[in-house]
Each structure stands twice: as structure tokens, then as C-alpha cells.
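Let's take a walk through this structure together. Have a look at the sequence and the 3D view first, then read on.

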Amino acid sequence: MEMQPYQDEIDLKELGKKVVKVTQNNKKRFTTLLIICLGLSGLYLAKQMIWPKYKSEFVVKSFHIRMDQMKSVEDLINNSIQSELYQDKTLEKLIIQNDLRKISIQEIKPDITSLDKDDKTKFYRFEFLHQSKPKPTSIIDFDSIVSKIKLVYANNNDILEGKQRAFEAFTEIDSLVEIAKLAGQEFKQRANPNGNMMVMNDLYQSLGGLLNQKNALKKEYMNYKDENLLYIASPVVQSKKLQNPFIIPLIGLAIWALLCVLIIGFELVFKDIE
């Protein structure tokens with residue numbers, strides 16, 4: 001018995017004919033949509049060219065401030081912009097004088113990986129969006145807002161506790177280093193110059209290990225200092241936000257193509273095409 005072809009099998013040739021038919025029937029509609037999409041894209045492009053927005057960005061460095069804490073700063077500033085209710089004079093000056101419209105903070109990875117496996121340095125990109133061109137003094141304002149953030153988190157419980165732990169550990173290891181130095185000098189004076197070299201080597205190695213721990217703890221404690229808690233680690237770069245203006249008409253064309261596909265699909269499914 002011969003196999004009968006499925007009746008619901010899609011005939012691509014017939015489908016192509018229907019698509020062409022629908023396209024021809026909607027030629028005026030598609031042309032109108034194209035004019036509207038390109039017209040709106042052109043108006044938006046003209047607006048961006050005549051009244052451009054500006055962007056300022058820089059990188060800050062921190063050893064102990066986390067991303068969730070930075071997120072709180074971002075939300076605070078953006079809420080102040082939207083509500084026009086400012087927490088203090090520093091924030092008010094930053095927003096009003098620089099015509100600020102939005103801030104974005106993102107954690108970034110450095111291009112060069114640190115050789116120190118225990119390095120916990122964090123880098124954040126601060127991006128400010130302005131309605132008008134920033135004034136030359138805006139760099140000073142950015143520095144003041146970073147200083148303000150630094151002072152706020154200098155009194156954070158986690159920071160204070162970490163700072164105290166690092167100080168106590170540094171003080172303790174410093175005492176051990178001094179004791180080890182005195183013990184080594186006393187042993188060296190009493191020891192036979194021709195003997196006990198193995199013991200002296202062990203003492204020097206132990207002292208070297210203590211000194212390395214002391215330096216590491218000193219670095220950690222210094223990173224908790226207010227001036228090192230958060231600071232700008234790159235130049236402030238200012239530019240127009242609209243960097244690729246020709247992508248706007250392409251987006252308009254993409255929206256027009258999507259609308260055409262939806263219209264064609266709708267008519268193929270819900271209308272009889274002869």
C-alpha cells in the first residue's frame with residue numbers, strides 16, 4: 001500500500017507565495033510604518049545631537065568596602081536625584097552643580113592579575129550621567145563625594161572591628177618579633193662560633209617568617225586607615241554619552257522589520273490568503 005503524504009505537511013512553495021501575497025497587500029502599511037520608525041529615530045537622533053547627555057567615569061579602589069555597600073551608595077544618590085531630597089550639602093552640590101541625572105557603580109576586574117594570591121583589592125567603576133556638560137570643577141566634586149563615602153564607612157561596624165583585629169594582631173606579632181630578636185642575639189653571644197649553625201639557621205628562618213607576617217598585618221592595618229579605605233585610582237574621563245549615533249536608525253529599521261514580520265504572521269494564521 002502506498003504511503004499517503006500528510007495533509008498538514010507545510011508546502012514551502014505555497015507558503016512563500018502567501019507571504020509574497022500578504023506583503024503586496026500590505027505594501028502601503030509597511031511603507032507607512034517604515035516612514036514612522038525612521039522618522040521617530042531621526043527625531044531622537046536629532047534630539048541627542050542638539051541636546052546631548054554627558055558621562056563622567058572613573059575607577060575607585062578599596063580593600064574592604066563591599067559591592068552591596070556600594071550599591072547602597074548608588075541607590076541613595078539616585079533616590080536623591082529623583083525625589084530632589086538631599087541627605088547633605090555635599091550630595092546636593094554634586095547633583096545640582098553637575099546637573100546629575102543618574103549614577104551607576106559596577107565592580108570590575110583589573111586587567112592585570114595580582115601576583116599576591118591573598119590580594120583582596122576591589123575595583124569599582126563610578127559612572128555619572130549629566131544632562132549638560134560638566135563644569136571643570138566637577139572633578140573636585142567627585143573627589144568630595146568619594147571622601148564622603150569613605151567617612152561614612154570608616155564608622156561602619158565591620159570596618160571598625162576589622163581595624164581593631166588587624167591592630168591587635170599587628171601589635172602581638174610585633175612583640176613576638178622583638179622577643180625573637182632579643183633571644184637570637186643572646187643565643188648568638190653565648191653560642192660557640194664554630195657550632196650550633198643549624199640552630200642559628202632555624203632561628204633566622206623563624207624570625208624571617210615572623211617579619212613577613214608583621215609586614216602583611218601592617219599592610220592590612222594600613223588599608224583600614226580612613227585615607228586608604230576608598231580612593232580614586234584613575235583619571236576622571238568625561239565624554240558625550242551618545243558614542244555611536246548611527247546605531248539609532250538601525251534600531252528603527254529593526255523595529256520596523258519586527259512589526260512587518262508580526263503583521264505577516266498574523267494574517268497567515270488568522271486570515272484566508274487566496
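## Getting started

A residue is called buried here when its relative accessible area is under 20%, exposed when that area is over 50%, and partly exposed in between. By that yardstick, 29% of the 274 residues of the protein chain count as buried. Keep in mind that this is a predicted model.

As for the outside, the protein chain exposes about 19,400 Å². Carbon and sulfur atoms supply 58% of that area.

## The overall layout

What does the secondary structure come to? The protein chain has 9 helices and 5 strands. If you trace the elements from the N terminus on, they go α-α-β-α-α-β-β-α-α-α-α-β-β-α.

The chain also makes plenty of links across its sequence. Take the contacts between residues at least 6 apart in sequence: 82% of these join residues at least 24 apart.

## Aromatic rings on the inside

The structure holds 5 aromatic pairs. One of them is made by Phe58 and Phe128, whose rings are stacked, with 5.8 Å centre to centre and 25° between the planes. This pair ties together distant parts of the chain: Phe58 belongs to strand 1 (residues 54–62) and Phe128 to strand 3 (residues 122–130), 70 residues apart. Are these two buried or exposed? Both Phe58 and Phe128 are buried.

Phe128 also pairs with Phe126, this time in a tilted arrangement, at 6.4 Å centre to centre and 40° between the planes. Phe126 has a relative accessibility of 1%, so it counts as buried. For Phe128 the relative accessible area is 0%, which is why that residue is called buried too. Step back a little and you'll find that ring pairs link Phe58, Phe126, Phe128 and Phe142 into a cluster.

## Charged partners

Now for the charges. Side chains of opposite charge can pair when their charged atoms come close. How many salt bridges does the structure hold? There are 6.

Among them is the one where the side chains of Glu57 and Arg125 meet, at 3.6 Å from N to O. Like the stacked rings, this bridge links distant parts of the chain, with Glu57 in strand 1 and Arg125 in strand 3, 68 residues apart. Glu57 has 23% relative accessibility, so it counts as partly exposed, and Arg125 is partly exposed as well, with a relative accessible area of 29%.

Another salt bridge brings together the side chains of Arg66 and Asp68, at 3.0 Å from N to O. Arg66 is partly exposed at 34% relative accessibility, and Asp68 is partly exposed with 41%. Then there's Lys89, which bridges to Glu92, the closest N and O atoms being 3.8 Å apart. These two sit 3 residues apart in helix 4 (residues 89–97), so about one helical turn separates them. Lys89 counts as exposed at 67% relative accessibility, whereas Glu92, at 26%, counts as partly exposed.

## A nonpolar patch on the surface

Which residues make the nonpolar surface patch? They are Leu38, Ile247, Leu250, Ile251, Leu253, Ile255, Leu258, Leu259 and Leu262, and the patch covers about 790 Å².

Helix 9 (residues 247–270) gives the largest share of the patch, with 8 residues. Leu258 is one residue to look for in helix 9.

How values were computed. Residues are numbered from 1 along each chain as its sequence is written. This is a predicted model: local features need pLDDT of at least 70, side-chain atom pairs count only at pLDDT 80 or more; totals for chains, interfaces and linings use all residues. Side-chain values use heavy atoms; hydrogens and water are left out. Patches are made of residues with over 30% relative accessible area and no salt bridge: like charges are joined within 9 Å, nonpolar side chains (Val, Leu, Ile, Met, Phe, Trp, Tyr) within 5 Å. Accessible areas come from the Shrake-Rupley method with a 1.4 Å probe; for residues, only the protein chains shown count as cover. A salt bridge is a side-chain nitrogen of Lys or Arg within 4 Å of a carboxyl oxygen of Asp or Glu. Helices (H or I, at least four residues) and strands (E, at least two) are DSSP runs, numbered from the N terminus. Rings of Phe, Tyr and Trp (its six-membered ring) pair if their centres lie within 6.5 Å; planes under 30 degrees apart count as stacked, over 60 as edge-to-face and the rest as tilted. Buried means under 20% relative accessible area, exposed over 50%, partly exposed in between (1.4 Å probe, protein chains only). Contact means heavy atoms within 4.5 Å.
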